[in-house]
Amino acid sequence: GSDLPCRCSDRQTSPRPTEFVFALSCTDEFLKERIMELPEDQVSGTHNAEDAFLRRLAQYRQDNTEENTVLNYFDFREIHPDTIELTAETLGLARERVQEVVGVPHNYGPTPEEQVILDRLAAEEEAERAARQAAEDEQNRQVSEQQAAEQQAAWDTKYAEVRRQEQEALDEAALPLRNYLMKHVMPTLSQVGPFLFTNNQSSMHNLSLSL
């Protein structure tokens with residue numbers, strides 16, 4: 001058998017070292033049978049057509065030999081590929097083999113460089129959040145002060161109106177008494193006043209003589 005192109009689990013855009021490498025190996029006959037099982041619309045006019053497929057398969061065999069294979073790249077770095085032999089009987093077990101080696105699906109943590117970026121973004125986000133909160137607090141303070149001033153002004157206006165109405169009520173209540181005094185008491189006082197003043201002067205004169 002011969003090895004098909006290697007498929008690895010690391011992502012091209014990530015600097016994270018490769019952890020797992022799998023090499024799928026099968027015979028030419030197996031590949032031809034798989035092509036023959038494809039629907040006609042997936043073969044006719046595509047690279048899966050018989051001539052095109054055989055040409056690509058021959059080119060691949062020529063370019064990938066035991067001495068010249070991408071798998072040597074990983075062997076050189078002590079990352080040993082896991083070879084899976086594919087046959088009609090073992091095809092369904094390939095995925096189970098990969099899951100057995102890799103384990104359950106999981107997310108990789110960030111690299112140190114990625115963590116620095118994440119920390120910086122988190123700090124910037126926190127600073128923006130604090131700035132928004134400070135601006136919101138200041139706006140709320142100004143609104144509260146304005147509302148308090150408006151409430152105080154409204155209370156002062158209402159209090160002044162109440163005092164005015166109380167004074168008017170007092171003046172209105174005192175009006176009958178004022179009219180009575182002006183009509184009945186003040187005339188009498190006007191008549192008695194001069195008499196009292198004259199008698200008071202006489203009394204003071206007699207007191208002076210007796211002294």
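## The chain at a glance

Of the 211 residues in the protein chain, buried ones make up 14%. The model is a predicted one, so please read every value here as computed from predicted coordinates. The accessible surface of the chain comes to about 17200 Å², and carbon and sulfur atoms account for 56% of that area.

The protein chain holds five helices and four strands. Following the sequence from start to end, you will meet them in the pattern β-β-β-α-α-α-β-α-α. As for contacts between residues at least 6 apart in sequence, 59% of them join residues at least 24 apart.

## A salt-bridge network around Arg97

Let us turn to the charged side chains. Side chains of opposite charge can pair when their charged atoms come close. How many salt bridges does a search of the whole structure find? The search finds ten salt bridges. Among them is the one between the side chains of Asp82 and Arg97, with an N to O distance of 2.6 Å. This pair links distant parts of the chain: Asp82 sits in strand E4 (residues 82-85) and Arg97 in helix H4 (residues 94-102), 15 residues apart. Asp82 has a relative accessible area of 16%, so Asp82 is buried. Arg97, in contrast, counts as partly exposed because its relative accessible area is 31%.

Arg97 also meets Glu100 in a salt bridge, here at 3.7 Å from N to O. Both Arg97 and Glu100 lie in helix H4, three residues apart, which is about one turn of the helix. Glu100 is exposed, since its relative accessible area is 60%. Put together, Asp82, Arg97 and Glu100 are linked in a network of salt bridges. If you follow this network in the viewer, you pass from buried Asp82 through partly exposed Arg97 to exposed Glu100.

## Along helix H5

Helix H5 spans residues 112-210, and several features can be picked out along it. One of them is the salt bridge between the side chains of Arg129 and Glu126, at 2.7 Å from N to O. These two residues both lie in helix H5, three residues apart, about one turn of the helix. Arg129 is partly exposed at a relative accessible area of 39%, and Glu126 is partly exposed too, at 41%.

Further along, Leu177, Tyr180, Leu181, Met182 and Met186 make a nonpolar surface patch of about 510 Å². Met186, one of the patch residues, has its place in helix H5. Because its relative accessibility is 37%, Met186 counts as partly exposed.

## Two aromatic pairs

A pair of aromatic rings is described by the distance of the centres and the angle of the planes. A search of the whole structure finds two aromatic pairs. Tyr73 and Phe74 form an edge-to-face pair, with 5.1 Å from centre to centre and 90 degrees between the planes. Is each partner buried or exposed, or does it fall in between? Tyr73 counts as partly exposed because its relative accessibility is 43%, whereas Phe74, at 7%, counts as buried.

The other pair is Trp155 with Tyr159, and this one is stacked: the centres are 5.2 Å apart and the planes differ by 5 degrees. Trp155 and Tyr159 are four residues apart in helix H5, so about one helical turn separates them. Tyr159 has a relative accessible area of 41%, which means that Tyr159 is partly exposed.

## A backbone detail at Glu78

One backbone angle is worth a look. Which residue has a positive phi although it is not a glycine? That residue is Glu78, with a phi of about 60 degrees. Glu78 lies in the loop between helix H3 (71-76) and strand E4. With a relative accessibility of 61%, Glu78 counts as exposed.

Technical notes. Residues are numbered from 1 along each chain as its sequence is written. This is a predicted model: local features need pLDDT of at least 70, side-chain atom pairs count only at pLDDT 80 or more; totals for chains, interfaces and linings use all residues. Side-chain values use heavy atoms; hydrogens and water are left out. Patches are made of residues with over 30% relative accessible area and no salt bridge: like charges are joined within 9 Å, nonpolar side chains (Val, Leu, Ile, Met, Phe, Trp, Tyr) within 5 Å. Accessible areas come from the Shrake-Rupley method with a 1.4 Å probe; for residues, only the protein chains shown count as cover. A salt bridge is a side-chain nitrogen of Lys or Arg within 4 Å of a carboxyl oxygen of Asp or Glu. Buried means under 20% relative accessible area, exposed over 50%, partly exposed in between (1.4 Å probe, protein chains only). Rings of Phe, Tyr and Trp (its six-membered ring) pair if their centres lie within 6.5 Å; planes under 30 degrees apart count as stacked, over 60 as edge-to-face and the rest as tilted. Contact means heavy atoms within 4.5 Å.
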